[in-house]
Amino acid sequence: RGFGDAGKGTGRYGTVVSKLKTRKQKPAEQETIVSKFVTWFRGFSSMAESGAMRAVEIGTQGVSEFQTNPLIAAAAGAFAGAVARKIAQDAFLGLMTDELAKP
């Protein structure tokens, strides 16, 4: 899944999912709200990843040392993308945790 501890249903991801489910009575509504959360969660982190990857790849290819090796630029871009994805997921979970804690 790529959500850290999401597969276990523990941690902030599991907490957010549980709190979202308690906002609805019917199981079908609970699944709908969780599905929407997962879609947004994946979407924000994918946007952050793709933006960071492209920016780092372009920037790295502009540096004379790396111009001869596009593989290094791709590796740097992949690393930056993974970091950006995790930071976006952390920020999204933080925001959701704060919002769901409000009465």
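A residue counts as buried when its relative accessible area is under 20%. Keep that cut-off in hand, because Leu20, at 6% relative accessibility, falls under it and counts as buried. Leu20 sits in helix α1, and we will come back to this residue once the overall layout is clear. The model you are looking at is a predicted one.

Let us begin with the whole chain. Its secondary structure amounts to three helices and zero strands, and reading along the sequence gives the pattern α-α-α. The chain has 103 residues, and 28% of them count as buried.

Now follow the helices in order. Helix α1 covers residues 11-22 and packs with α2 at an angle of about 140°, their axes being 9 Å apart. How are α1 and α2 oriented to each other? They are oblique, because the angle of about 140° does not pass the limit of over 145 that roughly antiparallel helices need. The handedness of the crossing of α1 and α2 is right-handed.

Moving on, helix α2 spans residues 27-62 and helix α3 spans residues 70-101. These two pack at an angle of about 150°, with 7 Å between their axes. Here the angle is over 145, so α2 and α3 count as roughly antiparallel to each other. Sorted by class, the residues in the contact of α2 with α3 are 20 nonpolar, seven polar and four charged. As α2 passes α3, the crossing is right-handed.

With the helices in place, turn to the aromatic side chains. How many aromatic pairs does the structure hold? There are seven. Take Trp40 and Phe44: their ring centres are 5.4 Å apart and their planes stand at 45°, so this pair is tilted. Both residues belong to helix α2, where they are four residues apart, about one turn of the helix.

Phe44 also pairs with Phe92. Those two rings have centres 5.4 Å apart and planes at 45°, so they too form a tilted pair. This pair links distant parts of the chain, with Phe44 in helix α2 and Phe92 in helix α3, 48 residues apart. Is each of the two partners buried, partly exposed or exposed? Phe44 has 35% relative accessibility and so counts as partly exposed, whereas Phe92, with a relative accessible area of 11%, is buried. Stepping back, ring pairs join Tyr13, Phe37, Trp40, Phe41, Phe44 and Phe92 into a cluster.

Next to Phe44 in the numbering comes Ser45, which also lies in helix α2. Its relative accessible area is 1%, so Ser45 is buried. What lies 3.1 Å from a polar atom of the Ser45 side chain? The backbone oxygen of Arg42 does.

Finally, back to Leu20, the buried residue of helix α1 we started with. Along the chain, Leu20 and Met96 are 76 residues apart, and in space their C-alpha atoms are separated by 9.5 Å.

Technical notes
Residues numbered from 1 in each chain as written. Predicted model: local features only at pLDDT ≥ 70, side-chain atom pairs only at ≥ 80, totals over all residues. Heavy atoms only, no water. Axes fitted to C-alpha atoms, helices over the stretch in contact; angles between N-to-C directions. Parallel < 35°, antiparallel > 145°, perpendicular 65-115°, else oblique. Left-handed = near helix turned anticlockwise from the far one by under 90°. Nonpolar A, V, L, I, M, F, W, Y, C, P; charged D, E, K, R; others polar. Phe/Tyr/Trp six-rings, centres within 6.5 Å; stacked < 30°, edge-to-face > 60°. Buried < 20%, exposed > 50% of the residue type's maximum accessible area, 1.4 Å probe, protein only. Polar contact = N/O pair within 3.5 Å; in protein donor to acceptor, adjacent residues only side chain to side chain.
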